[in-house]
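Walk through this model from its pocket outward. Start with what counts as a pocket, then look at the helices and the domains.

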Amino acid sequence: MAAEKLTRESVVERALELANEEGVESLTIRRLAGRLGVTPMALYWHFKNKDEMVWALADHLLSSVTADISPDDPWQVRLRGMVEALVAAMREHPSLPDFLATVEAKHDLESFKRATEAALEALTAAGFSVSEGYYISSYLLNGTIALVKYHPGCPAGMSEADEAEARRLRRLHIESLPPDRFPRMIDYGATLACAPDVDHYFAFGVDLLMAGVEDMARRRAAG
């Protein structure tokens, strides 16, 4: 069987598979070459070193954030669309937050600059100053990372059965609390009998992130 023809795009896709499965720290030229069945030197035709590869991966993952944004849409639609696209990218590629943390100079990534420019354009249209817009876009980025990183679904590497057992034990612990002191926590514990609705969690989280921005813009417009 012929070996897989290596292109920059195919290397990026296989590198993402490795990072999503085993974490960004596992991503090395040697590990990736082994997965592809080639020598490390074959990858150096596409990337000079691991840092350049990580930059390419982060840039590739962020490229979807502004892909469907229309400058003719209201600012709220544009900004929400970017947040939703970022959530979707992080859900599909759990390694993305770690890539962003690894790439210290992420502001030099072409896709990051495009996303920042689009966010600032939307936020200045909402009545915020450029400085305030930058604060808000940073808040939305970090809020989105936290939203995805700490979602209530089955953790990576854990089977559904193990996740159900962990949820059962947590429910029993919460429901054993003194009811006169923690009645609402006990009510919450009862909800752990069922698996969480992860899609609802993410939709609710995006609403929560956007609500503060939209409310502040409304209050400013009202004077």
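A pocket here is an open set of grid points with protein on both sides within 12 Å along at least five of seven lines, and its lining residues have an atom within 4 Å of a point. The model is a predicted one.

Take the second largest pocket. Its space is about 400 Å³. Its lining counts 23 residues. Nearest the centre lie Leu86, Phe112, Ser137, Ser138 and Leu141.

Which helices each supply at least two residues of this lining? They are α5 (75–92), α6 (96–102), α7 and α8 (130–149). Helix α8 gives the largest share, with eight residues. What is the make-up of the lining by class? Sixteen residues are nonpolar, six are polar and one is charged.

Now follow α7 away from the pocket. Two packed helices are described by the angle between their axes and the distance between the axes. For α4 (residues 50–62) and α7 (residues 110–125), the axes come within 7 Å and cross at roughly 35°. On the α4 side, Ala58, Asp59 and Leu62 make the contact. On the α7 side, Glu110, Ser111 and Phe112 do so. By class, this contact has three nonpolar, one polar and two charged residues. Phe112 thus appears twice: in the contact with α4 and among the residues nearest the pocket centre.

Finally, zoom out to the chain. Its division gives domain 1 (8–47), domain 2 (62–152 + 196–222) and domain 3 (160–192). Domain 2 is written as two segments. Taken over C-alpha atoms, the centres of domain 2 and domain 3 are 33 Å apart.

Technical notes. Residues are numbered from 1 along each chain as its sequence is written. This is a predicted model: local features need pLDDT of at least 70, side-chain atom pairs count only at pLDDT 80 or more; totals for chains, interfaces and linings use all residues. Side-chain values use heavy atoms; hydrogens and water are left out. Axes are lines fitted to C-alpha atoms, for helices over the stretch in contact, and angles run from 0 to 180 degrees between N-to-C directions. Helices (H or I, at least four residues) and strands (E, at least two) are DSSP runs, numbered from the N terminus. Contact means heavy atoms within 4.5 Å. Ala, Val, Leu, Ile, Met, Phe, Trp, Tyr, Cys and Pro count as nonpolar, Asp, Glu, Lys and Arg as charged, and the others, Gly among them, as polar. Domain bounds come from an automatic or database domain assignment. On a 1 Å grid over the protein atoms alone, a cavity is a set of points where a 1.4 Å probe fits but cannot get out, and a pocket is an open set with protein on both sides within 12 Å along at least five of seven lines; lining residues have an atom within 4 Å of a point. Grid points are joined across faces, edges and corners, and a volume is the space filled by probe spheres set on the points.
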